[in-house]
Every structure is written in C-alpha cells, then in structure tokens.
Amino acid sequence: MKNHSFKTRSSQWTIGLITMILVLGCSGLQSLPVTQIIEVTRVIPVTQIVQATKFVPVTRIVRVTRIVEVPQVTPAATEAPAALEPPAATEAPTRLLPFSTPSQIKINNDLLVWYDFEDDFLNSGMVTDRSGNGYAARINGSVDSSDGVSDGHAMFFHGDGFIFMPGNPAAGRTTLSFSLWFRTDHPEENYKLASAAWWNGGPGSGWVIGTHYPELWSDDTKSIFSDNRNNADNGFLTNAWNQEVVTYDGRWVKEYTNGQLVNNWPSTGAPIGGGQPMAIGAWPPFGFNFQGSLDEFKIFTRCLTKKEVQTFYQQGK
C-alpha cells in the first residue's frame, strides 16, 4: 500500500511538471516570433496542477499529439511606416539647362560664355551672357533679330555690325571649346564669325573662328598650330544652318562641322594669348564682317567630345 501511494504521487508530480512547462511555454507566445503552431486532437481531464510547493485542482489539460511548423511572419508593427518614405511631390523641380544629355549639370558649369540671343538686345543694345559669368556684350553697328536654329531667335548681321565684350575669356587657356551656329547665303566667303586676336602679318596673339579656318596664337606671338597644316573643306551648307565647333586640349586642335570631324591638327601646347577684346560677327580692326544669322555662341572651359558635338548638332544646340 505504501508503494502504491508513492507511485501515485510520482505520477501526479510528473503530470504537474509537464503541465507547468506547457503553461510557461504558452505564456511566452506573445513576446516571441511565431515559428510553430500546436495541433490539438483532444483534451483529457486532469485533477491537479503544481503551483509552487502545493497541488491545486484544475479541470482539464490539453494533450499535444504533434507540432506543425509554420513560416515565421514579421509582425506588421515592425514595418517602416509608408509616410517616412520621401514622397515624389516633395522633390525639388529640375532646373532647365541648355542641354538634355546625361551630363547636363556638368556641361552647364563648364560654360564660360553663352550668347543665345533670346533677350531684347535690339532695345537694350546689350546681349546677355547666359553662362552667369558676366561676359555681357555690347552691340556695335547694324544688327537685327532673326529666326533661331531651334525655335527662338538669332542675331542677324548686315555686314557692318558686330557685338563686342571688353575682354578675352579664352586667354591663358590650354583646354577649351568654341561652338556656334551660322547661316549665310555665301559660306564660301572669308567671314570671321568670332575673334579676340591681334595679328601682324604672321605674329599674333589670341584666337579667330572663321568660315575658312580657325587661328590660334600664344602670347609669344607664335601660332599654336605646330606645323604647316592642311585644311580639309568644311562643306558648309548655303542658306541653311551650319554648326561649327573648334576644340583645343593642349595637344590637338579639332574642327567639327555639322557634327563631323573635318580637321585634326597637332599643336604646340601653348596657352592661348591675350589678344584683344572679343567680337562676334567680325574681326576688328581688320573687318571680315559676317553677313547672315548667328546663334548659340558658346565657349566651354573643356574639350567637348565627338559624341557631345554630335548630340548638340542633332538637338540644334
């Protein structure tokens, strides 16, 4: 009888211990990630559960037959609120720049001079420098407004007028690009489209961009072209817009016409000379005044690539 009592009490302790483990496990379900769920088949009655050192009566306990694995689910409360993501409406508007290429901002910052002739220059007598560097130009002589290369306006030169700026922004540079558009009935003429140079029958200083060929001199009065150059024909169009681009990288002078490389000359690598004040539409005091329309005159502080030149040609920039 004593042994039977001992076995009975041991069984009760065993059942109580299992019950306590299950209760403690269930009490922590809310604070831990759910990875398992209990499948219940039936309940069985019990009479007591262990509490501290004494037995207390209970009515029934769940019998667990097997554990079923379920995927872990991240509680919704831990997800980042959607409101914390920056909404598209708060983004700063894109500033309009002169080019629509992947390198827009960089190219805009590389502009040294930019005359687009979109201001009221006929009434003000001045042409605004859109680069922001303050190289505004003054009208000298007779000019008019005409249709631009790509919408907007251009400046029309009658052959006795030009614009000038009291300085030479290209002076002292070994890396830069000149770019402009022109239209004339006589592209075969020796027009000087832009200049900032003095010349004395050979020696000179500064630069000239013309319909025959460009010229560059350093402050030692020598030509920046390192040898006797051959000039390929540009093939300018008559009474149609032509793009003319000249680049200098300290090694080569390249000339592009309508997006195509037509000349590539070796150079001495010398900086461009100080020359004289810049003029657009002539080469004072020598003349060579341009007759026709000119638009989108720009000087860059670096060399444009062939791809950029072609892109600007296609866009009319």
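This text walks through three paired strands and then the nonpolar cores of a predicted model.

Start at strand S15, residues 242–248. Its partner is strand S16, residues 252–257. The two pair in the antiparallel sense, over five bridges. One of the matched positions is tyrosine 248, whose bridge partner in S16 is valine 253. S15 and S16 make a hairpin, with three residues between the strands. Glycine 250 sits in that turn and has a positive phi of about 90°.

Now follow S16 onward to strand S17, residues 260–266. These two strands also run antiparallel, and six bridges join them. Lysine 254 has asparagine 264 as its bridge partner in S17. S16 and S17 form a hairpin too, with two residues between them. Here the turn holds asparagine 258, with a positive phi of about 50°. S16 thus takes part in both hairpins, pairing with S15 and with S17. In a regular strand, side chains alternate between the two faces of the sheet.

Turn next to the packing. The largest nonpolar core has 39 residues. Within this core, Tyr115, Trp207, Met278 and Phe297 touch the most other members. Strand S11, residues 176–183, gives the most to the core, with four residues. Apart from this core lies another, of eight residues. Among its members are Trp114, Phe300, Leu304 and Val309.

Which residues does tyrosine 115 touch, leaving out those up to four places away in sequence? They include Val127, Tyr135, Ile163, Met165 and Ile280. Tyrosine 115 also touches Met278 and Phe297, two of the residues named with it in the largest core. Its contacts further include Thr128, Asp129 and Glu296.

Notes. Residues are numbered from 1 along each chain as its sequence is written. This is a predicted model: local features need pLDDT of at least 70, side-chain atom pairs count only at pLDDT 80 or more; totals for chains, interfaces and linings use all residues. Side-chain values use heavy atoms; hydrogens and water are left out. Two strands pair if DSSP finds at least two bridges between them. A nonpolar core is a set of buried Ala, Val, Leu, Ile, Met, Phe, Trp, Tyr and Cys residues joined through side-chain atoms within 4.5 Å. Buried means under 20% relative accessible area, exposed over 50%, partly exposed in between (1.4 Å probe, protein chains only). Contact means heavy atoms within 4.5 Å.
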